[in-house]
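Me: Please take a close look at one part of this structure, namely the packing of its nonpolar interior and aromatic rings. I should like a connected account that also relates this part to the sheet around it.

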Amino acid sequence: MTMKLKNFKTVWGHTGTIEEAVTMAKEAGFSGLEAPAKHDDPNHFPALQAAIEKHNIEWIQEICTAGSYVPRRRASVEEHLADLESQIILGKSLKPQFVNVMGGCDAWPIQTSIDFFKAAMDIADKHGVLCSFETHRGRSFYCPWNTMAILEHLPDIKITCDFSHWVVVSERLMDSEWDAIELAAQHAHHIHSRVGYDQGPQVPHPAAPEYQAALESHQRCWEAIWTAQRDRGYTETTMTPEFGPDGYLHHLPFTNAPIADLWQINSWIGHTEQQHFGQWKQATKLAEVSHG
């Protein structure tokens, strides 16, 4: 089996320049960046363009529709779709590998979300890009059960699986919701490899032995995705280690000192999952031989 795993560095939580982010990614053996084209900083887009051209790195475009990571509560479907299309158009010149979309709204009825995703997929097709829609809190795919209900109506949709969101929303690891994991895996295009636990979307450090059960649970879910992707003919799979700031990273009271370094954590997950992926490939090969 020739399937490969590519890691991407998120710029969420990165405090340096885009050029520095590329250097860090390359030194860690990552394939490129996951970053938005749209940004409050007017220098962001030209810096991103310059870095992609200079270093010939791969880029996954990140899009949030109708707001930031949490959408504007009263934004209409049409506003979400217009925002999606405008950002796709903005990023097209930089030739993203695909577009990771935080789309829809958790408060919408199921049918409204279905209608949104159908229209969003049409927009992606019109512009010749692949959109992968993320399982993210605040969005239509915020929990396993709504996601299942929507996916059953959209056989061709591709999704980005960040199961840490489901873990904290459901207040349990996802082994108990394996039917949802298996269905998600059939649609999975991309993975955000943050490790959540029953009371939060991000463990303090995934290498800590007290969070081993949470890490291993997520790893079983990621293996389900790799298996489904292999069966669908994927020759490569992508992963963005996405431990981040903004209340995700734990801080000490009173001093507000972070308890860990984000890039060290994300590098650790990236390297750990490369090893895990290799072990999974070897185990799969041995299983095929024994059954063959």
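Reply: The account below begins with the sheet and then turns to the core and the aromatic rings.

The model is predicted. Its eight strands close into a barrel in the order 1-2-3-4-5-6-7-8, with parallel pairing. From one strand to the next, the twist averages 30 degrees. As an example of the pairing, strand 2 (residues 32–36) and strand 3 (residues 58–64) run parallel and are joined by five bridges. Within this pair, Gly 32 stands opposite Glu 58 in strand 3.

Two helices that pack on this sheet deserve attention. Helix 7 (residues 178–187) touches strand 6 (158–161) and strand 7 (188–192), and its direction makes about 110 degrees with that of strand 7. Helix 8 touches strand 1 (4–10), strand 6, strand 7 and strand 8 (236–240); the angle between its direction and that of strand 7 is about 150 degrees.

The largest nonpolar core comprises 62 residues, and the members touching the most others are Cys 131, Phe 133, Ile 157, Phe 163 and Trp 226. Helix 8 (residues 212–231) gives the most to this core, contributing eight residues. A second core, separate from this one, has 18 residues, including Ile 18, Ala 25, Leu 33 and Leu 48.

Around Ile 157, when residues up to four places away in sequence are not counted, the contacts are Phe 117, Met 121, Phe 133, Phe 141, Leu 151 and His 187. Among these partners, Phe 117, Phe 133 and Phe 141 recur in an aromatic cluster that Trp 108 and Phe 116 complete.

Aromatic pairs number 12 in the structure. In one of them, Phe 163 and Trp 166 are tilted, with 5.3 Å centre to centre and 50 degrees between the planes. Both residues lie in helix 6 (residues 163–170), three residues apart, about one turn of the helix. Phe 163 and Trp 166 are both buried.

Another tilted pair is formed by Phe 277 and Trp 280, at 5.5 Å centre to centre and with 35 degrees between the planes. Helix 9 (residues 262–291) holds both, again three residues apart, about one turn of the helix. Phe 277 is buried, as is Trp 280.

One further ring has a charged partner: the charged end of Lys 9 sits over the ring of Trp 263, 4.1 Å from its centre.

Definitions and conventions:
Residues are numbered from 1 along each chain as its sequence is written. This is a predicted model: local features need pLDDT of at least 70, side-chain atom pairs count only at pLDDT 80 or more; totals for chains, interfaces and linings use all residues. Side-chain values use heavy atoms; hydrogens and water are left out. A nonpolar core is a set of buried Ala, Val, Leu, Ile, Met, Phe, Trp, Tyr and Cys residues joined through side-chain atoms within 4.5 Å. Buried means under 20% relative accessible area, exposed over 50%, partly exposed in between (1.4 Å probe, protein chains only). Helices (H or I, at least four residues) and strands (E, at least two) are DSSP runs, numbered from the N terminus. Contact means heavy atoms within 4.5 Å. Rings of Phe, Tyr and Trp (its six-membered ring) pair if their centres lie within 6.5 Å; planes under 30 degrees apart count as stacked, over 60 as edge-to-face and the rest as tilted. A charge sits over a ring if NZ of Lys or CZ of Arg is within 6 Å of the ring centre and within 35 degrees of the ring normal. Two strands pair if DSSP finds at least two bridges between them. Axes are lines fitted to C-alpha atoms, for helices over the stretch in contact, and angles run from 0 to 180 degrees between N-to-C directions.
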